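The following exercises invite the reader to study one protein chain. Each task is followed by a solution in steps.

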Amino acid sequence: IQSHSRENKMPYFFKDLHEPDPAKRYKGLVRRGSMSTTMQFDLYYSPDGFQWTPYPGNPVIDTSPRIGRWGPTVFMGWDPIREVYAVHMENSLHRWSPAGKRLIGRAESPDMIHWSEPETIIVPDDQDPPDVDFYCMPTIAYEGMYIGLLWNFRMIRSTILPQIVFSRDGIHYNRDYREPFIARGAKGMFDAAVVYPINPIVHGDRILFYYTGGNYRDNTT
């Protein structure tokens with residue numbers, strides 16, 4: 001899929017083993033619109049991951065009626081537990097929510113075309129430091145439960161670290177493990193300030209975790 005605008009991005013594509021139509025075996029979404037106000041997603045299909053066809057009814061997601069955009073967004077693909085397609089996002093339209101915090105939301109679709117309104121599922125609580133926001137949450141389904149990597153954004157020093165969280169229903173999450181699941185690197189290392197994990201990958205009897213990092217923010221603590 002070629003993008004002809006600096007506003008267009010496609011970080012979301014996956015092989016859909018749930019899809020019975022081989023012409024739609026791969027699915028991808030192109031985000032377009034203003035980076036600060038509106039956001040739309042266009043859906044594409046592919047039989048092989050190389051040749052892509054747009055869904056004729058695009059866009060399939062449009063936040064512009066609410067005058068905003070989701071923050072960091074991760075499409076889960078097919079959710080075998082709730083038997084829907086799912087997406088998790090920063091659900092405050094990239095603005096301060098009424099609670100004064102960034103929040104994590106989830107939306108669902110039976111077909112990748114018709115999407116529910118995002119439901120807020122995780123908010124900071126009284127055990128979180130006062131400057132914590134939740135920026136993103138890559139999530140997978142594994143052995144009948146959800147495993148999420150909740151990005152904790154410390155606003156004062158602009159650091160991001162993930163916590164591991166668990167859920168049986170995809171809505172109510174256990175946050176008993178408050179320590180960082182992946183620690184920041186030492187000063188000067190590539191991950192000294194922020195750790196950005198992506199969706200875990202299940203490979204045989206192992207769960208593999210990958211992340212990128214940054215040291216361009218404060219790394220003095």
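**Exercise 1.** How many residues lie between β3 and β4 in their hairpin, and which residue in the turn has a positive phi?

*Solution.* The model under study is a predicted one. Begin with the pairing: β3 and strand β4 (residues 53–54) are antiparallel and share two bridges. Within this pair, tyrosine 45 is found opposite threonine 53. Next, consider the connection: six residues separate β3 from β4 in the hairpin. Finally, the residue in the turn with a positive phi is glycine 49, at about 85°.

**Exercise 2.** Identify the other strands that pair with β3, and give a bridge partner in each case.

*Solution.* Take strand β2 (residues 26–32) to begin with: seven bridges connect it to β3, and the two run antiparallel. One partnership here links tyrosine 26 to serine 46 of β3. Then take strand β5 (residues 61–62), which is joined to β3 by two bridges, also in the antiparallel sense. In this case phenylalanine 41 has isoleucine 61 of β5 as its bridge partner.

**Exercise 3.** Are the residues of β3 buried or exposed on the two sides of the strand?

*Solution.* Apply the cut-off: a residue is buried when its relative accessible area is under 20%. Strand β3 (residues 40–46) has seven of its seven residues in this class. Now separate the sides. Gln40, Asp42, Tyr44 and Ser46 point one way, while Phe41, Leu43 and Tyr45 point the other way; all of them are buried.

**Exercise 4.** Describe the largest pocket and the second largest pocket by volume and lining.

*Solution.* The volume of the largest pocket is about 830 Å³. It is lined by 33 residues, of which Val74, Phe75, Met76, Gly77 and Asn199 are the closest to its centre. Sorted by class, this lining comprises 20 nonpolar, eight polar and five charged residues.

For the second largest pocket, the volume is about 290 Å³. Its lining has 17 residues, and those closest to the centre are Asn152, Arg154, Thr159, Leu161 and Pro180. Two or more lining residues come from each of β12 (145–154) and β13 (159–167). The most come from β13, with four residues. By class, the second lining holds five nonpolar, five polar and seven charged residues.

**Exercise 5.** Where in the protein chain is confidence lowest, and where is it highest?

*Solution.* Start with the whole protein chain: its mean pLDDT is 89, and 89% of its residues reach 70 or more. Then compare the elements: confidence is lowest in strand β1 (residues 9–15), with a mean of 79, and highest in strand β14 (residues 173–174), at 98.

Key: Residues numbered from 1 in each chain as written. Predicted model: local features only at pLDDT ≥ 70, side-chain atom pairs only at ≥ 80, totals over all residues. Heavy atoms only, no water. Buried < 20%, exposed > 50% of the residue type's maximum accessible area, 1.4 Å probe, protein only. Pairing = 2+ DSSP bridges. pLDDT = per-residue confidence, 0-100. 1 Å grid on protein atoms, 1.4 Å probe; cavity = no way out; pocket = protein on both sides within 12 Å on 5 of 7 lines; lining within 4 Å. Points joined across faces, edges and corners; volume = space filled by probe spheres on them. Nonpolar A, V, L, I, M, F, W, Y, C, P; charged D, E, K, R; others polar.
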